[in-house]
Amino acid sequence: RTMDHKGLEALSQRLRKATEESLECINLMQNAWTQFHDKQTELEQKQCKFEKQKQEAKAHSDSASCVIKLNVGGMDFTTSKTTLQNEEETYFDAMLQHQWGPDYGQVYFIDRNPKYFQDILDYLRDKRLYIQMDRLLDQEKARFMADVEFYKVESLLEILKPYRDIGRTVIRTVVGCCGGEGGFFGDGGPAVVGLLDSPHGICCDPTTGNLYVADRNNHRVRMLDISTGTLKTIAGNGQQGTEGDGGQAKRASLQGPYGLVCGAGLLFISNYNAHCVRAVDLKTGVIVRIAGDGTRGYGGDGGPATEAQLRQPRGLAFFNNHLYIADHGNHVIRAVSLQDGKIQTVVGNGNGAYDGDGGTPLQASLKYPSGVCIQEGAQRLYIADTWNGAVRMVDFQSNVISTIAGVGSLGEESGDDGPATLAELDGPVDCCVQDGRLFIANYDSHVVRVVQLSSGKIHTFCGVGTAGSGGDGSGPESAELDGPRGLTAVEGRIFISDGNNNCVRSVNLLKQPMP
């Protein structure tokens, strides 16, 4: 068929367009092949690098007799666990030189010598670096590591805790950044990089070992999961108030949480500014008011605790199905029976003075008591009688009160290695008992002192007596504290709420590894 000029021109245009589209398709295919080849080469290079680093680590371990820990994409590979022979070799530098980026993690040369370990831990904390490999590797990466066992590494502490403080008694920060600015941060991540703001009371759950912290200026209660080292909020939405009773504790408002204690499956929280005590059911997460009607006063003994008046409640203790409350502003100790919900004054006549030793607890005078604790085996209640510069003791069996430490007035810290009843205390705000020893937090002098109950002698356990934040990794006697607010002890460890340092610190009393 003949075709006119216009038809031939249209056909030519279609042919040119088809040719251009074909060439573009060929270019796309070439580019895709190039990208595929580059990706394959990159993955092969990563495989070779991984194998080389693993062989180097194994060879280094065999020759230097050290601990080498590789954490690669969530995989934990450990070689020798023997003690380092050459203490001069800088494994800290080696760690910094062997970085594989976010895809493949890092190699850690972990030395059993505490000096190098602390360097590593401090570096990670300063740089806000921590391991939280809670995602599985994709198939492309996993197929090059099929011979390796994979599992989730939930926190930095989970990786490092087996190598900490073996055979040593040291102080360490376990929640918050010691000496840092107060703030709210870190829920769901490692507690050591979280932020607190003026932590006060602390307590441990005797069932789980988890540590609870009254994060006062954040109007929350935070929890350190002792098995994973992670931090989370248990109660409080960050707003000041008393709303939310009957609902979930995390949605409720708190107002200046101060004291904490666990008992009967509940977490009790004293709300200093709201003049009441609330309780969180640790199974359901529901919060309710347990004592105080929210008005500032002193009344209601013999009736329902929720209709009574408190005045700035502080420390809490739990014993024999009773909640003990340091009713700070009323100069007394109150007790709430969980059986009938009624409240009674059990220590103090409300006079705000120092007297009554040797008599019944109700005849004695206290002055702004702040902390209370129980020695269950001996059935004794200890009271941090703050403005009297003393720790008082109530023997439940004899119903007699006495002074265990202090002279009845505030003074400069003195009397180490002598009788505790002749020693001066400066602002005792909390106390706890562990292994026959009474630990006393002295806020104004920045120390924790300890009384050996069998001998009655006292000495400084932690702190040098001046405000500061140093000393992590050293013995507690050479560490600095800044306004210790709270104490609790469990399983051979004592925890210290280091209030002005915005952190919680811990000392392993039994010289064993601790999280």
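This report walks through a predicted model of one protein chain, from its overall make-up to single loop residues.

## The chain as a whole

The protein chain holds six helices and 28 strands. It has 515 residues, and 52% of them are buried. The chain exposes about 22,600 Å². Carbon and sulfur atoms supply 48% of that area.

Contacts can also be sorted by distance along the sequence. Take the contacts with a separation of 6 or more: 49% of them join residues 24 or more positions apart.

## The largest pocket

Where might there be empty space in a protein? Rolling a probe the size of a water molecule over the atoms shows where empty space is left. In this model, the largest pocket has a volume of about 650 Å³. Its lining is made of 35 residues. Nearest the centre of the pocket lie Cys204, Val261, Ile374, Thr488 and Ala489.

Which elements give two or more residues to this lining? They are β5 (199–204), β9 (257–263), β13 (313–319), β17 (369–375), β22 (428–434) and β26 (484–490). The lining can be split by class too. It has 21 nonpolar residues, nine polar ones and five charged ones.

## Strands β10, β11 and β12

Strands of a sheet pair through backbone hydrogen bonds, either parallel or antiparallel. Strand β11 covers residues 276–281 and pairs with strands on both sides of it in the sequence. Its partner β10 covers residues 266–271, and the two run antiparallel over six bridges. Leu266 has Asp281 of β11 as its bridge partner. The other partner is β12, residues 287–291. This pairing is also antiparallel, with four bridges. Here Ala279 stands opposite Val288 of β12.

Is β11 mostly covered or mostly open? Five of its six residues are buried, so the strand is mostly covered. The turns at its two ends each hold a residue with a positive phi. The hairpin of β10 and β11 has four residues between the strands, and His275 there has a phi near 55°. The hairpin of β11 and β12 has five residues between the strands, and Gly285 there has a phi near 80°.

## An open sheet of five strands

Five strands form another element to look at: an open sheet in the order β21-β25-β24-β23-β22, with antiparallel pairing. Which strands stand at its edges? They are β21 (418–419) and β22. Each has a single partner strand, so one side of each is left without a neighbour in the sheet.

The edge strand β22 is still well covered. Seven of its seven residues are buried, so β22 is largely enclosed by the rest of the structure. This strand also gives two or more residues to the lining of the largest pocket. Its pairing with β23 is antiparallel and has six bridges. In that pairing, Pro428 stands opposite Asn442 of β23. The hairpin of β22 and β23 has two residues between the strands, and Asp435 takes a positive phi near 55°.

Next in the sheet, β23 (residues 437–442) runs antiparallel to β24 (residues 447–452). Six bridges join these two strands. One bridge pair is Leu438 with Val451 of β24.

## Three asparagines in loops

Most residues other than glycine have a negative phi, and most peptide bonds are trans. Asn320 has a positive phi, near 55°. It sits in the loop between β13 and β14 (322–327). Is Asn320 buried or exposed? With a relative accessible area of 59%, Asn320 is exposed, because the cut-off for exposed is over 50%.

Asn399 also has a positive phi, near 60°. Its loop lies between β19 (390–395) and β20 (400–406). The relative accessibility of Asn399 is 40%, so this residue counts as partly exposed.

Asn351 lies in the loop between β16 (343–347) and β17. It is exposed, at 54% relative accessible area. Which residues does Asn351 touch, apart from its neighbours within four places in sequence? The contacts are His331 and Ser365. Gln363 is twelve residues from Asn351 in sequence, and their C-alpha atoms are 9.9 Å apart.

How values were computed:
Residues numbered from 1 in each chain as written. Predicted model: local features only at pLDDT ≥ 70, side-chain atom pairs only at ≥ 80, totals over all residues. Heavy atoms only, no water. 1 Å grid on protein atoms, 1.4 Å probe; cavity = no way out; pocket = protein on both sides within 12 Å on 5 of 7 lines; lining within 4 Å. Points joined across faces, edges and corners; volume = space filled by probe spheres on them. Nonpolar A, V, L, I, M, F, W, Y, C, P; charged D, E, K, R; others polar. Buried < 20%, exposed > 50% of the residue type's maximum accessible area, 1.4 Å probe, protein only. Contact = heavy atoms within 4.5 Å. Areas by Shrake-Rupley, 256 points an atom, 1.4 Å probe, with all protein chains shown as cover. Pairing = 2+ DSSP bridges.
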